[in-house]
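Q: I would like to learn how to read a structure of this kind, one feature after another. Could you take me through it with the chain in view?

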Amino acid sequence: MTIDRLEQQCDTIEKRITVMGNKVTDSKATALAKKKAGDIRGATLALKQMKMYEGEITKLHGQQIMLEQQKLTIQSTHADVDVVNSLKAGNQAISAMNAQADVDSIAELQDDMAETMQEVQERQDLFAAVAEEGHDEALAELDELEAEMMAGELEGLDIGPMGNIPIAAPAQPVAAQPAAA
């Protein structure tokens, strides 16, 4: 993978920076030693080498920064692509769900449900009508039977001289008597 290659390159550069740092230290020591010994030409050459190694270290630091930027850019771009792909997948999922539940389908479903509820209500009304059928006639017949039964019971009673007194319900309801303790 590209990130791994960049990481390897950064490690290589780090090792080169260490080597160049050691060479700078050695060249500096050599330049000072040669100056002390009176070898100005050798001291100057060692100083120029030291400056060359320092330049190399500066260049390596620049390369290292560029490689780190490249790694970061690749990682960021990879994350961006993952986000975009996730958004696309999410959008496709939403579209698929919307296709299953579009507004027209919902309106159709609502109409179907209303028709179904109307059919259910019609059945309930039909059953209720069957149950009510003949209800009034049955009540009238029941009232007649009750009246005949009461008349038959009254005929069998020996009422005596009070038989001609009309019986009426009390005008006021009778209050309940308190229970004796």
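Q: Where do Glu56 and Lys59 lie, and how many residues apart are they?

A: In this predicted model, Glu56 and Lys59 both belong to helix H2 and are three residues apart, which is about one turn of the helix. Side chains of opposite charge can pair when their charged atoms come close. Here Glu56 and Lys59 form a salt bridge, with the closest N and O atoms 3.3 Å apart. Lys59 counts as partly exposed, because its relative accessibility is 41%.

Q: Which other residue forms a salt bridge with Glu56?

A: Glu56 also forms a salt bridge with Arg16, and the closest N and O atoms of that pair are 3.0 Å apart. Since Glu56 lies in helix H2 (residues 40–100) and Arg16 in helix H1, this pair ties together parts that are 40 residues apart in sequence. As for the surroundings, Arg16 counts as partly exposed at 36% relative accessibility, whereas Glu56 is buried, with a relative accessible area of 17%.

Q: Why does Glu56 count as buried with a relative accessible area of 17%?

A: The word rests on a cut-off, since buried means under 20% relative accessible area. Glu56 has 17% and is therefore placed in the buried class.

Q: How many salt bridges are counted, and what joins Glu7 to Glu68 and Lys71?

A: The count comes to four salt bridges. In one of them the side chains of Glu68 and Lys71 meet at 3.4 Å, N to O; both residues lie in helix H2, three residues apart, again about one turn of the helix. Salt bridges that share partners join Glu7, Glu68 and Lys71 into one network. Within this network, Glu68 counts as partly exposed at 35% relative accessibility, while Lys71 counts as buried at 7%.

Q: What does Ser27 touch, and is Ser27 buried or exposed?

A: A list of contacts is best read together with the burial of the residue. Ser27, in helix H1 (residues 2–36), counts as buried at 5% relative accessibility. If residues up to four places away in sequence are not counted, Ser27 touches Ala46, Gln49, Met50 and Tyr53.

Q: How should I read the surface patches, and which residues form the negative one?

A: A patch is read by asking which residues contribute to it and how accessible they are. The negative surface patch is formed by Asp102, Asp104, Glu108, Asp111, Asp112, Glu115, Glu119, Glu122 and Asp125. Among them, Glu115 is found in helix H3 and is partly exposed, with a relative accessible area of 46%.

Q: Which residues form the nonpolar patch?

A: Leu126, Phe127 and Val130 form a nonpolar patch on the surface, and together they have about 340 Å² of accessible area. Phe127 lies in helix H3 (residues 103–132) and is exposed, with a relative accessible area of 59%.

Q: What are the elements of the protein chain, and how much of the chain is buried?

A: For the overall picture, one reads the elements in order and then the totals. The protein chain has four helices and zero strands, and its elements run α-α-α-α from the N terminus on. Of its 181 residues, 11% are buried. The chain exposes about 15400 Å², of which carbon and sulfur atoms supply 59%. Among contacts with a separation of 6 or more, 77% are between residues 24 or more positions apart.

Key. Residues are numbered from 1 along each chain as its sequence is written. This is a predicted model: local features need pLDDT of at least 70, side-chain atom pairs count only at pLDDT 80 or more; totals for chains, interfaces and linings use all residues. Side-chain values use heavy atoms; hydrogens and water are left out. Patches are made of residues with over 30% relative accessible area and no salt bridge: like charges are joined within 9 Å, nonpolar side chains (Val, Leu, Ile, Met, Phe, Trp, Tyr) within 5 Å. Accessible areas come from the Shrake-Rupley method with a 1.4 Å probe; for residues, only the protein chains shown count as cover. Helices (H or I, at least four residues) and strands (E, at least two) are DSSP runs, numbered from the N terminus. Buried means under 20% relative accessible area, exposed over 50%, partly exposed in between (1.4 Å probe, protein chains only). Lys and Arg count as positive and Asp and Glu as negative; His and the chain ends are not counted. The place of a charge is taken as NZ of Lys, CZ of Arg, CG of Asp or CD of Glu. Contact means heavy atoms within 4.5 Å.
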